[in-house]
Structures are given as C-alpha cells and as structure tokens.
Amino acid sequence: MPYSVLVEPGAKVDLSSIDPNFDAGLEKDAAKKLTKALGEEMAELQELLFATGQNGLLLVFQGPDTAGKDGAINQILEFVNVQSTKVYPFKVPTSIELAHDFLWRVHQRTPAKGEIAIFNRSHYEDVLVVRVHELIPEVEWRSRYKRINEFEKLLADSGTIILKFMLHITPEEQEERLLAREKDPRKAWKLSVNDWKERENWQKYQTAFEDALHHCSAEHAPWHVIPANKKWFRDLAVSEAIVSALRPYKESWMAHLAEVGVKAKAELAEYRLGRK
Ligand code: ADP
C-alpha cells in the first residue's frame, strides 16, 4: 500500500483492517529524509499557491486523543510559510457557537485564496463526539453527513483544495502515550481524566469514524487514513499526501504566474518609456 489509505468515494472502511504500525518497511532515518525532501517541495508549492491566489488549502486533522494531531500539524508548520498559514483548534462549542448551525464556526475559518488553513479537530466532531455521547438525536447527526458533503463541495467549487486526515492509532499506543504524559513533567499538564474515560468509548468512536469516512470521502475532499503509531511515519504519510495533492496544480499555477509576469513587465516598460 502507499503511505496512507485513500478512502474512495462511497467505500466502506474497516479500520481494524488497517495497521496503525504500518511503516512501508522504512527505517526512521530514511523516512525522515523523505519527509524533509517532501517538505521542501511543499514549501515551493505553497509559494505558488500564495502567489497565484487562485486556490486555498484546507487540511483537516481528526483522530482519537493522543493520535498526534498537534505533532502532525507542527511538522507541516516547519515546512510552510506561516505568514499565510492559520491553525484552528476546535474545542467544545461555546454558547454562541451552539446558538448557530454546526458549520457556522467552521465556515468562518476556511482558507481564503492563497492561504492554508489547518483544522485541529473540525466539523467532523459534530458526527463523532456528538454521536458517541448522544448529544443530539440520531436523525439530526445522520443528516449532517449530507450537509458536510454539500459544504465541502461549496468550498471545493470556490477553489479550495481539501484534504482530510484520520490519524489511526491502536488503543495500546494511546495507553502508552497517556502513561508517558504522567511521567513527563513537561507534558503532565495535558493529562485529563476525560482522556481515560473516553477510552471506554474506543469502539464507538471507531464506528463513528468508519461512518464519517464512508459517507464523506469525495474526489474533491478525500479522507486519508494515516498509520500513526509511529510518529515519523505519520509525518511522512501526511507530507506525501499533501504534496501529491498539490503537484497537479503546479503547471497551471506556473502558467498563470508567467502570464501575470508578462503583464507586469509590459507595465514596467511602459512606465520607463514615459519617464524618458
Ligand atoms: P485537544 O484537541 O488537544 O484534545 P481538548 O482537550 O480541549 O483539546 O479537547 C477538545 C474537546 O472538544 C474534545 O473532547 C472534543 O471532542 C470536543 N469537541 C470539539 N468539537 C466539539 C463539538 N462540536 N461538540 C462537542 N464537543 C466537541
């Protein structure tokens, strides 16, 4: 398999058949080198995305607690120009947010043309945690798959390139990470009883994830399941998916810039002539 599992539109996903320890037979050092090279390409492609201002890039990160959303996002931030990149964490909705439709808070944070927006959790919480904890009736959260699809189609039709990552870990790996937090004084602040309580819902979350992946993977907004037990492989798989999604735009972005460049040079030449 390539580095991640791309969910084909409409395909059913069985998360238990995807190995979170998968590493494509790579050693850590080799994977890191590959990631670095992809990072350089990502930086180049982002410059084109910014300069042309024709597309935005939306990266959505979901996964169980401790799956590595923060780590994966930090890795991307090492590669891209942060001046045109924004990261948005989505927490328990505020009362104002709850007084609106569930996409309201998300829509305000989608990327403008030329920008990258990274979602740490997202509108998918509204079919994950909301479903697992039965915060609203089933008929309501079920209707959200269609709403999410329509919303993402609107974004895509407006030039947004969308990629969604489900960071896939084992419950054993999660337990290790939670225990490691307890031992590390610099990480203990992250401890929360809730993370342990949520482990009891592990299977319910997996099922909710499988449904979200099944209902909401589209050509224009694909889900990638990222084997994430090994952090260095997770970073490689995410980088590879981003670069592969942006590469096809390169030629048309370059052509656009060349056109803009010709126009700008002509204007400059005219200005210089006028000053003689
Ligand atoms: P982190 O993302 O680092 O785990 P927190 O520990 O503050 O940050 O967790 C954010 C919490 O907000 C999660 O438990 C998540 O399920 C919850 N959350 C996010 N979006 C929603 C939502 N729409 N409805 C209910 N809870 C949500």
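Colleague: What classes of residue make up the shell around the ligand?

Modeller: The shell has five nonpolar residues, five charged ones and no polar ones. Here Ala, Val, Leu, Ile, Met, Phe, Trp, Tyr, Cys and Pro count as nonpolar, Asp, Glu, Lys and Arg as charged, and the others, Gly among them, as polar. Keep in mind that this is a predicted model, where local features need pLDDT of at least 70 and side-chain atom pairs count only at pLDDT 80 or more, while totals for chains, interfaces and linings use all residues. Residues are numbered from 1 along each chain as its sequence is written, and side-chain values use heavy atoms, with hydrogens and water left out.

Colleague: OK, so which residues surround the ligand?

Modeller: They are F90, K91, V92, P93, R105, R121, E125, D126, V129 and V130. A residue gets in if one of its heavy atoms lies within 4 Å of the ligand.

Colleague: Which side chains have polar atoms by the ligand's oxygen atoms?

Modeller: An N or O atom in the side chain of K91 is 3.0 Å from a ligand oxygen, and for R121 the distance to a ligand oxygen is 2.6 Å. On the nitrogen side, a polar side-chain atom of D126 lies 3.0 Å from a nitrogen atom of the ligand. The protein buries 72% of the 570 Å² that the ligand exposes when taken alone. Those areas come from the Shrake-Rupley method with a 1.4 Å probe, and for residues only the protein chains shown count as cover.

Colleague: Switching to the sheet: what is the strand order?

Modeller: The order is 1-6-5-2-4-3, in an open sheet of six strands with mixed pairing. Strands (E, at least two residues) and helices (H or I, at least four) are DSSP runs numbered from the N terminus, and two strands pair if DSSP finds at least two bridges between them. Strand 1 (5-6) and strand 3 (85-89) are the edges, each pairing on one side only.

Colleague: And which strands does strand 2 run parallel to?

Modeller: Strand 2 runs parallel to strand 5 (residues 160-168), with seven bridges, and to strand 4 (residues 116-120), with five. For instance, Q62 stands opposite M166 in strand 5, while V60 has F119 in strand 4 as its bridge partner.

Colleague: Is strand 2 buried or exposed?

Modeller: Seven of the seven residues of strand 2 (residues 56-62) are buried, so the rest of the structure largely encloses this strand. Buried means under 20% relative accessible area, exposed over 50%, and partly exposed in between (1.4 Å probe, protein chains only). G56, L58, V60 and Q62 point one way, and L57, L59 and F61 point the other way.

Colleague: What about helix 1, what span should its 25 residues have?

Modeller: Helix 1 (residues 28-52) should span 36 Å, and its end C-alpha atoms are 36 Å apart, which agrees. The expected span is 1.5 Å times one less than the number of residues. Among the buried residues of helix 1 are A31, T35 and L38. Just after helix 1, G53 takes a positive phi of about 60°.

Colleague: Which residue has a positive phi of about 70° although it is not a glycine?

Modeller: That's T66. Most residues other than glycine have a negative phi. T66 lies in the loop between strand 2 and helix 2 (69-79), and T66 is buried, with a relative accessible area of 11%. A24 is another non-glycine with a positive phi, of about 55°. A24 sits in the loop between strand 1 and helix 1 and is partly exposed at 32%.

Methods: Polar contact = N/O pair within 3.5 Å; in protein donor to acceptor, adjacent residues only side chain to side chain.
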